[in-house]
Amino acid sequence: MNTSASFWDDISYMHMDLNVKIHQTGMFLPFHRWFVHSVEQAMIDECGFSGGFPYWNWTIDAPDFYTSSWWQDSDPESGIGGWGDPDKDYEVQDGAFAGFPLAYPSYHPLRHQYTAQPFAAFAASSPTIAQFFNSTMLETYANSTFHTDQIAAIIAGNPGDYVGFQQSLDNWIGAHGSVHAITGGDLAGTCPATTDDCIPGNKWSPNSPLFFLHHAMIDKIWSDWQNLNGTSATAFYGGSVQAFDNTTYFSEYPNGAPPMLNTSSRIYTDNMFPGGTIGDVMNHTAGYLCYVYE
């Protein structure tokens, strides 16, 4: 396969480089809103893409994720493709992304590996992470966390409470991480067979083009929450440092410890795309974002 890095690999590397700053901090939602928009714009400007990134409404697929029609489109130009072949390191075999070459964490084709109960392996990947899981969480089926009624409750809950909203969507077995984990492979940041001394994580999850469809859905949920209650529209609070030292510290700062962020804080860009502040992306129908959800 091609062993030269691509523009897509640069996009994935950026997410890897910023990993600890954009997850479990107050930057999580603003950064990913900005990131999806920036990559979409780059696809338009650099690659001739027309239109916009759709959101992946995985609540439709949740009841039977493995056999969902989402995974049945094998069209070589537009199809998502099916699950990866277990005899070929779960490499995607059909659809538009079959054989999609990737550079991180080592050269390999795109992989998707259905993983119904992913949390035990996730907790085992790090003693730091293991402290946040109990036996019930370890045995949870990932698709049980993102059904329609659960997402509706997240949107309706915690009015004006940005921290509470973020936690309801992005707790240790929340909808955000569950979709990453159940899809497995690159979207979950599992290690390809070609990689030595690999520590799994969500660092290179933008390897999978599904990352941007998934995060468009996360952004839509944030948008729906913002629009449901006037106090939620401009609500923001969070720190810039992950608070994983212990469970007590994390309980105090579940979306980041000091130094605290505010709407004037600059979004991290690695100088790859035009930047802005958190305040610039709080309203996606105004300013330079200017998009709506249907």
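# Reading the terms in a predicted model

Q: Why does Ser232 count as buried in this predicted model?
A: The relative accessibility of Ser232 is 1%, and since buried means under 20% relative accessible area, Ser232 counts as buried. Ser232 is found in the loop between helix 11 and strand 3 (239–241), where, leaving aside neighbours within four places in sequence, Ser232 is in contact with Pro159, Gly160, Trp225 and Gln226.

Q: Why are helix 7 and helix 11 called oblique to each other?
A: The axes of helix 7 (residues 148–156) and helix 11 (residues 210–228) cross at roughly 45 degrees, and an angle under 35 degrees would count as roughly parallel, whereas one of 65 to 115 would count as roughly perpendicular. The crossing of roughly 45 degrees is in neither of these ranges, nor is it over 145, so the two helices are oblique to each other. The description of two packed helices takes in both the angle and the distance between their axes, and the axes of helix 7 and helix 11 come within 8 Å.

Q: Which residues of helix 7 and helix 11 meet, and how do they divide into nonpolar, polar and charged?
A: From helix 7, Ile151, Ile154, Ile155 and Ala156 meet Ile221, Asp224, Trp225 and Leu228 of helix 11. The residues of this contact comprise seven nonpolar, no polar and one charged. Asp counts as charged, and Asp224 is on the helix 11 side of the contact.

Q: What makes His180 buried or exposed?
A: His180 has a relative accessible area of 6%, which is under the 20% that limits the buried class, so His180 is buried. His180 lies in helix 9 (residues 175–183) and, not counting residues up to four places away in sequence, touches Leu187, Ala188, Ser205, Phe211, His214 and His215. A polar atom of the His180 side chain lies 2.7 Å from the backbone oxygen of Leu187, and a polar contact requires a pair of N or O atoms within 3.5 Å.

Q: How do you know that Cys191 and Cys198 form a disulfide, and why is that disulfide called left-handed?
A: The S to S distance between Cys191 and Cys198 is 2.0 Å, and a pair of cysteine sulfur atoms within 2.5 Å is a disulfide. The torsion about the S-S bond is about -80 degrees, so the disulfide is left-handed. A search of the whole structure finds one disulfide.

Q: Why are Cys191, Cys47 and Cys290 placed as they are in terms of accessible area?
A: Partly exposed is the class between buried, under 20%, and exposed, over 50%. Cys191, with a relative accessible area of 24%, is therefore partly exposed, and Cys47, at 49% relative accessibility, likewise counts as partly exposed. Cys290 has a relative accessible area of 57%, and is therefore exposed.

Q: What makes helix 8 mostly covered, and what do its buried residues pack against?
A: Of the nine residues of helix 8 (residues 162–170), eight are buried, namely Tyr162, Val163, Gly164, Phe165, Gln166, Gln167, Leu169 and Asp170. These buried residues pack against helix 3, helix 7, helix 9, helix 11 and helix 12 (247–252). At the start of helix 8, a side-chain oxygen of Asp161 reaches to within 3.3 Å of the backbone nitrogen of Val163.

Q: What caps the N-terminal end of helix 1, and which residues of that helix are buried?
A: Ser6 caps that end, with a side-chain oxygen lying 3.3 Å from the backbone nitrogen of Trp8, a distance within the 3.5 Å that a polar contact allows. The buried residues of helix 1 (residues 7–17) are Trp8, Asp9, Ile11, Ser12, Met14, His15 and Met16, and what covers them includes helix 2 (19–22), helix 3 (28–47), strand 1 (101–102) and helix 11.

Q: Why does Asp89 count as partly exposed, and what is notable about its phi?
A: The relative accessible area of Asp89 is 22%, which lies between the 20% and 50% limits, so Asp89 is partly exposed. Asp89, found in the loop between helix 3 and strand 1, has a positive phi of about 60 degrees although it is not a glycine. Asp270, in the segment after strand 4, also has a positive phi, near 55 degrees, and with a relative accessible area of 35% Asp270 is partly exposed.

How values were computed: Residues are numbered from 1 along each chain as its sequence is written. This is a predicted model: local features need pLDDT of at least 70, side-chain atom pairs count only at pLDDT 80 or more; totals for chains, interfaces and linings use all residues. Side-chain values use heavy atoms; hydrogens and water are left out. Axes are lines fitted to C-alpha atoms, for helices over the stretch in contact, and angles run from 0 to 180 degrees between N-to-C directions. Helices (H or I, at least four residues) and strands (E, at least two) are DSSP runs, numbered from the N terminus. Contact means heavy atoms within 4.5 Å. Buried means under 20% relative accessible area, exposed over 50%, partly exposed in between (1.4 Å probe, protein chains only). A polar contact is a pair of N or O atoms within 3.5 Å; within protein, one must be able to donate a hydrogen and the other to accept it, and residues adjacent in sequence count only if both atoms are side-chain atoms.
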